[in-house]
Amino acid sequence: MDIQGILEKTLPGLGYELVNYELTSQGDLRVFIDKAEGGISLDDCVAVSNHLSRVLAVEDVDYQRLEISSPGLDRPLTKPADFARFAGQLAKIKTRLPIDGQKNFIGRINGIDDNGLISITLEEANEIRRAKRAAVAAGKTVCIEWQNVDKARLKPEFDF
């Protein structure tokens, strides 16, 4: 079984979601986890690390060091379900192909439909530095096909 398969099979049983993982050339296995309520604590990371180290040993996965982490405030959006879960949140989305001459979007996630069409409402500050080239106006709702998403992350908001 591959690493992703092992993680996707093991983590939900512990109450966690696999956000992403990476295996570096030095052999470090970094696993980014999340859970539906309350965020990730140090105790969560310890529990997952202890369990995964045993599972990976049984499955004979070759790695040097295991690191368990939360995805952070700028969490990557890696699955269509993330766009439903984080509706109302601010996100930065980069597309593979341009939409109205633009590939980078910053806006509030409205959600995703059954056909994989993501809806976002662009923020006022969207692409200000490229205002001359930006064909998409702030405040406008843009629909992006899931297959066209290259990268997407939540954009943290701070109120002072």
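The chain folds into 3 helices and 8 strands. This is a predicted model. Read from the N terminus, the elements run α-β-β-α-β-α-β-β-β-β-β. The C-alpha trace spans about 55 × 35 × 30 Å along its principal axes. The chain has 160 residues, and buried residues make up 37% of them.

How do distant parts of the sequence meet? Take the contacts in the chain with a separation of 6 or more. Residues 24 or more positions apart account for 54% of these contacts.

Next, divide the chain. Domain 1 covers residues 3-69, and domain 2 covers residues 80-154. The C-alpha centres of domain 1 and domain 2 lie 30 Å apart.

Start with the N-terminal part. A UniProt annotation, from an unreviewed entry, covers residues 6-74. It reads "domain: Ribosome maturation factor RimP N-terminal". The span of residues 6-74 is 38% helix and 28% strand. Its end C-alpha atoms lie 25 Å apart.

Now look for the sheet of 3 strands. This sheet is open, its strand order is 1-2-3, and its pairing is mixed. Strand 1 (17-23) and strand 3 (65-69) are the edge strands, since each pairs on one side only. From one strand to the next, the twist averages 20°.

Follow the pairing of strand 1 with strand 2. The two run antiparallel, and 6 bridges join them. For one example, find L23: its bridge partner in strand 2 is L29.

Two helices go with these strands. Helix 2 (residues 42-58) packs on the sheet and touches strand 2 and strand 3. The direction of helix 2 makes about 145° with that of strand 3. Helix 1 (residues 3-14) lies across strand 1 and strand 2. Helix 1 runs at about 155° to strand 1.

One residue deserves a closer look. Strand 2 (residues 28-34) contains D34. Is D34 buried or exposed? Its relative accessible area is 8%. Buried means under 20%, so D34 counts as buried.

What does D34 touch? Leave out residues up to four places away in sequence. The contacts of D34 are then Y16, E17, V19, I40, P71, R75, R85 and F86. R75 also appears in a polar contact: the side chains of D34 and R75 meet at 2.9 Å.

One general point helps when you look along any strand. In a regular strand, side chains alternate between the two faces of the sheet.

Now move along the chain to strand 4. Strand 4 (residues 90-99) pairs with strand 5 (residues 102-112) in the antiparallel sense, over 6 bridges. Strand 4 and strand 5 form a hairpin, with 2 residues between them. D100 sits in the turn and has a positive phi of about 50°. Where does A91 find its bridge partner? In strand 5, that partner is G107.

Strand 4 has another antiparallel partner, strand 8 (residues 149-154). Here 5 bridges join the strands. Look at I93 to see one such link: its bridge partner in strand 8 is A152. Strand 4 thus links to strand 5 and to strand 8.

Definitions and conventions. Residues numbered from 1 in each chain as written. Predicted model: local features only at pLDDT ≥ 70, side-chain atom pairs only at ≥ 80, totals over all residues. Heavy atoms only, no water. Domains from an automatic or database assignment. Helix = DSSP H or I, 4+ residues; strand = E, 2+ residues; numbered from the N terminus. Buried < 20%, exposed > 50% of the residue type's maximum accessible area, 1.4 Å probe, protein only. Polar contact = N/O pair within 3.5 Å; in protein donor to acceptor, adjacent residues only side chain to side chain. Contact = heavy atoms within 4.5 Å. UniProt positions renumbered as here; feature names shortened; annotations may be inferred. Pairing = 2+ DSSP bridges. Axes fitted to C-alpha atoms, helices over the stretch in contact; angles between N-to-C directions.
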